[in-house]
Amino acid sequence: MAEKVLMKGNEAIAYAAINCGADGYFGYPITPQSEVMETLMKEKPWESTGMVVLQAESETASINMVYGGAACGKKVMTSSSSPGISLMCEGLTYLAGAELPCLVVNVMRGGPGLGTIQPSQGDYFQATKGGGHGDYRLIVLAPASVQDMYDFVDEAFELAFKYRNPALILADGVIGQMMEKVEFRPKKARRTDEEVRQQCDSWATLGKPKTRERNVITSLALDPVVMENFNIKLQKKYADIEANEVRYSTYKTEDAEHLIVAFGCMSRICENVVDMARENGIKLGLLRPITLFPFPKKQIDALVPQLKSIMSVELNAGQMVEDVQLVAAGRVPVGFYGRQGGVVPNPDEIYEAFLKFIK
Amino acid sequence: MDINDIIKPENKVYGKSSVLTDNIMHYCPGCSHGVVHKLVAQVIEEMDIQDKTIGVSPVGCSVFAYNYLDIDWQEAAHGRAPALATAIKRLNPDKYVFTYQGDGDLASIGTAETMHACNRGENIVIIFINNAIYGMTGGQMAPTTLLGQVTATTPYGRKAELNGYPLKITELLAQLEGTCYVTRQSVQNPAAVRKTKAAIRKAFENSMMKKGTSFVEVVSTCNSGWKIPPVEANKWMEENMFPFYPLGDMKDR
């Protein structure tokens with residue numbers, strides 16, 4: 001029987017990082033995710049696995065430390081919350097432009113600006129549409145439980161290295177702060193220097209041996225034709241990710257006539273809404289995108305013919321709903337219910353909004 | 001006796017460093033970058049650490065440093081090189097890690113990264129080219145631009161009340177516990193070139209001794225940005241830059 005431990009989502013991120021063989025964590029304190037670095041500092045993984053943990057002078061420095069480490073083929077990560085992620089967006093576009101694998105965790109809080117420390121999903125656009133400049137994408141995983149927080153660390157690293165692209169765990173203050181049972185997965189050892197060289201020597205800055213050309217990590221190309229070709233290559237990669245890496249789950253969608261789409265903590269709450277509707281004879285189902293990029297377009301599209309309505313439920317003013325509308329393409333009414341600024345709705349008010357919408 | 005009688009190994013007194021590539025440098029004639037690149041290459045070659053060295057290039061004229069030194073390189077976002085170098089060195093303590101940065105990159109947009117990497121005592125080398133102007137973007141005011149100096153954004157000369165004062169960041173860094181070697185050099189004549197090379201060598205050697213950060217400023221010319229010919233630029237540097245940015249070691253422990 002695997003070990004099960006009661007812990008916060010933020011703590012699960014830290015333990016998962018150590019246990020999956022991460023090489024480095026660079027961070028800056030910000031509520032509601034400071035427990036990630038606090039847990040790492042308490043556990044001192046530099047004494048056990050050799051993992052480097054460093055408190056940086058800013059989120060800007062953190063993400064650039066991640067760039068430096070990732071460019072050496074190391075499994076490196078950072079975590080922050082919304083205002084800090086805004087600062088990191090410069091680094092994220094450079095990481096994407098230099099095709100570097102890394103993990104960034106955003107435990108979202110309400111904004112805009114300094115906002116609040118209470119939970120939010122207001123960074124959906126930032127996470128899935130850019131945030132930084134230029135045409136780039138992050139692989140975005142949205143956890144709905146503390147177990148997800150643990151499991152997605154390793155999964156995000158795997159995806160990041162598979163595609164040489166930054167991966168983002170887009171959590172929210174609820175998932176970061178709540179405590180649940182977590183099952184620890186079998187530990188992975190950190191890769192040896194030799195293993196890193198085997199995996200990454202074709203591109204990473206490991207020190208140039210006589211036997212190969214120098215490796216240069218850059219996102220710069222002044223020649224517009226070269227830059228366009230690079231952009232086309234990036235877009236091809238993103239298309240591959242969309243074709244192969246969609247993750248989602250459904251709840252009672254087989255016979256559903258109405259669908260709620262919700263991610264993260266809202267998908268947990270909306271399961272209750274589905275049950276309430278079913279008790280009242282309304283065939284409601286739930287689709288939870290687990291990857292926000294790639295978005296489960298085909299999976300929602302396949303459900304549209306059987307549906308009379310779709311409602312997107314989010315902790316924001318309506319962001320993912322735009323992606324749902326694009327899939328629905330006017331074939332079925334698409335509604336939205338959300339709370340903002342750190343307020344988390346209860347199932348009753350969502351159900352009430354749903355009834356009003358389908359009336 | 002013809003030229004082939006002269007070209008013999010025993011007659012060779014100088015050669016291009018094997019760490020320099022054959023790429024033609026994009027730097028303007030008279031620019032100090034070419035000389036400093038050469039010195040870094042020579043130090044890497046003489047220490048036999050080409051396969052153990054990772055460079056971080058900045059944003060600015062030397063963004064393309066990676067085209068000229070045949071080592072593994074990372075190109076950083078503007079000002080962030082010391083953050084990259086921090087992680088590279090901590091994750092690869094057996095490697096020699098250096099940043100190569102201009103004054104805008106290091107002393108303006110990257111001041112925080114510079115100060116904190118030095119204050120943590122990262123075992124890295126920072127090479128700082130101070131030519132008191134933004135070269136690549138066309139000669140705008142830098143944090144190190146002298147009072148009265150004319151630039152594209154101080155067309156009537158830098159005025160303290162409008163633009164603040166030139167930043168002596170090297171003096172600031174010398175105050176930090178984390179730095180072990182802080183020096184200011186130049187490359188306008190052979191004697192200065194030799195001193196700068198010795199400084200770069202010492203800085204690289206320090207980075208394996210866990211003594212802290214080594215910081216080598218090179219007061220440099222930018223004749224294109226200053227809009228004066230190379231020889232005059234050297235003279236202008238000696239007469240105007242050196243009094244405000246005096247050469248020599250500020251710290252060596």
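The lining of the largest pocket mixes eleven nonpolar residues with seven polar and two charged ones. This comes from a predicted model, and the pocket is a handy place to start looking around. The largest pocket takes up about 380 Å³. Altogether 20 residues line the pocket, and those nearest its centre are A:Y94, A:H133, A:S219, A:L220 and A:M227. Two helices of chain A, helix 5 (82–97) and helix 10 (224–244), each put at least two residues into that lining.

Next comes the enclosed space. Just one cavity of 30 Å³ or more turns up in the structure, and the largest cavity has a volume of about 40 Å³. Its lining draws two or more residues from each of helix 5, helix 6 (124–129) and strand 7 (166–172) of chain A. Helix 5 of chain A gives the largest share, with three residues. So helix 5 of chain A shows up in both places: it supplies at least two residues to the lining of the largest pocket and three to that of the largest cavity. By class, the cavity lining splits into seven nonpolar, three polar and one charged residue. Among the residues that line the largest cavity are A:I85, A:C89 and A:L92, along with A:N106, A:D123 and A:Q126.

Strand 14 of chain A, residues 309–314, is mostly covered, with six of its six residues buried. In a regular strand, side chains take turns between the two faces of the sheet. In strand 14 of chain A, A:S309, A:M311 and A:V313 point one way, while A:I310, A:S312 and A:E314 point the other way, and all are buried.

Strand 14 of chain A also has partners. Strand 11 (residues 258–261) of chain A runs parallel to strand 14 of chain A, and four bridges join the two. Here A:V261 sits opposite A:S312. Strand 15 (residues 334–338) of chain A pairs with strand 14 of chain A as well, again in the parallel sense, over five bridges. In that pairing, A:V313 has A:Y337 as its bridge partner. Put helix 13 (residues 320–328) of chain A together with strands 14 and 15 of chain A, and the result is a right-handed β-α-β unit.

Over in chain B, one residue deserves a quick look. B:T53 belongs to strand 1 (residues 53–57) of chain B. B:T53 counts as buried because its relative accessible area is 0%. The side chain of B:T53 reaches the backbone oxygen of B:I49 at 2.6 Å.

Technical notes. Residues numbered from 1 in each chain as written. Chains lettered and ligands numbered in written order. Predicted model: local features only at pLDDT ≥ 70, side-chain atom pairs only at ≥ 80, totals over all residues. Heavy atoms only, no water. Buried < 20%, exposed > 50% of the residue type's maximum accessible area, 1.4 Å probe, protein only. Pairing = 2+ DSSP bridges. Right-handed = clockwise from strand over helix to strand, strands pointing away. 1 Å grid on protein atoms, 1.4 Å probe; cavity = no way out; pocket = protein on both sides within 12 Å on 5 of 7 lines; lining within 4 Å. Points joined across faces, edges and corners; volume = space filled by probe spheres on them. Nonpolar A, V, L, I, M, F, W, Y, C, P; charged D, E, K, R; others polar. Polar contact = N/O pair within 3.5 Å; in protein donor to acceptor, adjacent residues only side chain to side chain.
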